[in-house]
Amino acid sequence: MTAIETQGARAKSAAMTLMTSSTKIKNAALIHIADALEANKQVIIEANKLDMDAARENGMSPSLMDRLMLDSGRIDAIADGVREVAALTDPIGRIDKLDPRPNGLLIGRKTVPLGVIAIIYESRTNVTVDAAVLCLKAGNAVILRGGKEAFNSNNALVDIMREAIKAAGLPEDSVSLVQDTTRDSVNALMNMTEYVDLLIARGGAGLINHVVANSKVPVIETGVGICHVYVESTADLNMAAEITFNAKCRRVSVCNAAETLLVDRAIAHEFLPMVKKLLDTKDVELRGCAETVNILGESVKPVTDEDFYTEFLDYILAVKIVAGIDEAIEHINKYGSKHSEAIVTNDYTASRRFMDEIDAAAVYVNASTAFTDGGEFGLGAEIGISTQKMHARGPMGLAQLTSSKFVIYGDGQVR
């Protein structure tokens with residue numbers, strides 16, 4: 001048995017214990033984790049510094065380094081997120097619709113854990129804790145496979161969590177970290193049908209596409225965000241500029257950041273200089289259609305069709321002027337990744353059409369795409385943002401990490 005298969009077997013064993021663990025003991029483990037993270041800040045920061053130094057030497061972009069970085073404030077925020085998950089209602093054990101049949105049987109559905117969840121992700125260090133605590137609260141064991149960029153940080157975080165879980169009386173193998181950060185471990189997890197019940201892929205398009213195309217384990221894909229803001233002709237232009245700026249610049253390295261701005265032709269001459277003034281404060285590079293270049297000048301680079309398919313994760317924004325809502329909807333449904341899309345408008349009919357016709361996990365009217373986040377949606381931490389149309393779509397909280405089984409109560413019925 002290989003090292004990763006041994007991890008799978010241990011996780012399977014831990015999952016059997018978690019399946020019947022009480023809410024009280026699971027919450028105790030989460031509080032232990034939160035307290036331990038805060039008590040071991042210096043250990044985490046020193047481990048993270050090794051990763052940050054290596055990233056700097058390897059030329060990682062500032063936006064991606066921001067994803068990787070952990071400091072005292074971020075560790076506090078992560079610990080607060082753990083406590084928020086502990087405070088959430090336990091989804092396990094609910095029985096819905098216990099209905100009587102004509103023969104006297106009572107039949108219902110009971111919420112149960114999925115079992116063992118494997119998560120493949122890249123340099124987002126907060127994912128290590130968010131994923132672990134959500135899985136644990138939902139009664140699942142988790143195998144984490146992070147990227148090499150965060151190897152030291154992830155090991156420090158997982159070691160601390162395992163000790164805390166053990167101290168609370170649950171199996172430490174409820175959470176484990178794969179030590180092999182090569183593609184071999186990805187391929188191994190994709191084929192571990194004996195031990196892994198669900199595989200969640202987070203990261204760049206290349207990683208996600210590889211997992212979706214090759215995994216024998218059921219997969220939920222998350223993460224790629226080619227998000228749009230469409231400024232419709234009746235929009236409040238000041239509001240539209242602020243929403244665009246926030247959606248693009250709040251944190252460019254996250255999947256809910258806007259990558260393309262669509263502007264109605266009727267207001268383009270007035271709006272584009274206004275929004276450019278805001279975006280210039282963050283040195284955002286604009287890549288625009290020919291009309292955009294004509295309005296804003298040569299500081300705007302000509303946009304390519306490939307740009308519209310690109311998740312920049314940087315201070316770069318594609319811009320296109322459209323004839324109206326029909327062209328905007330057509331563009332978004334063609335180029336978007338079904339993540340988060342926003343319209344800014346004062347036209348009720350336009351807002352309804354956008355809501356009804358845009359195919360995405362989250363659709364906004366007069367608000368920034370930056371809100372697509374488990375915490376903002378009241379789910380506590382999130383394990384990822386699913387862009388699929390399965391039971392899990394959008395930010396994935398506790399409810400999306402469960403399954404169900406039929407429960408049938410009788411008093412001697414035979415068929």
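This passage walks through the strands, sheets and helix contacts of a predicted model.

Residues are numbered from 1 along each chain as its sequence is written, and side-chain values use heavy atoms, with hydrogens and water left out. Since the model is predicted, local features need pLDDT of at least 70 and side-chain atom pairs count only at pLDDT 80 or more, while totals for chains, interfaces and linings use all residues. Helices (H or I, at least four residues) and strands (E, at least two) are DSSP runs, numbered from the N terminus. Two strands pair if DSSP finds at least two bridges between them.

One open sheet has 3 strands in the order β1-β2-β17, with antiparallel pairing. Its edges are β1 and β17, each with a single partner strand, so one side of each has no neighbour in the sheet. From one strand to the next, the twist averages 20°; for angles of this kind, axes are lines fitted to C-alpha atoms (for helices, over the stretch in contact), and values run from 0 to 180 degrees between N-to-C directions. Strands β1 (residues 95–100) and β2 (residues 106–113) are joined by 4 bridges, with isoleucine 95 opposite lysine 110. These two strands make a hairpin with 5 residues between them, and glycine 104 in the turn has a positive phi of about 95°. On to β17 (residues 402–409): 8 bridges tie this strand to β2. Here threonine 111 faces serine 404, and arginine 109 stands opposite phenylalanine 406.

A second open sheet has 5 strands, ordered β5-β4-β3-β6-β7 and paired in parallel. The edge places go to β5 (175–177) and β7 (219–221), each with a single partner strand, so one side of each is left without a neighbour in the sheet. Neighbouring strands of this sheet are turned by 20° against each other on average, direction ignored. Between β6 (residues 198–201) and β7 there are 3 bridges, and leucine 199 sits opposite valine 219. Helix α7 (residues 151–167) packs on this sheet, touching β4 (141–145) and β5, and its direction makes about 155° with that of β5; contact here means heavy atoms within 4.5 Å. Helix α8 lies across β3 (116–120), β4 and β6, running at about 150° to β4.

Helix α8 (residues 183–190) also meets a helix: its axis comes within 10 Å of that of α9 (residues 205–214), and the two cross at roughly 35°. This crossing is right-handed, that is, the near helix is turned clockwise from the far one by less than a right angle (anticlockwise would be left-handed). From α8 come Arg183, Val186, Asn187 and Met190, and from α9 His210, Val211 and Asn214. By type, these contact residues split into 3 nonpolar, 3 polar and 1 charged; Ala, Val, Leu, Ile, Met, Phe, Trp, Tyr, Cys and Pro count as nonpolar, Asp, Glu, Lys and Arg as charged, and the others, Gly among them, as polar.

Strand β8 (residues 227–231) has 5 of its 5 residues buried, where buried means under 20% relative accessible area, exposed over 50%, and partly exposed in between (1.4 Å probe, protein chains only). Cys227, Val229 and Val231 point one way from β8, with His228 and Tyr230 pointing the other way. Strand β8 pairs in parallel with β9 (residues 258–264) over 5 bridges, and tyrosine 230 has leucine 262 as its bridge partner. With β13 (residues 340–344), β8 shares 4 bridges, again parallel, and valine 231 partners valine 344.
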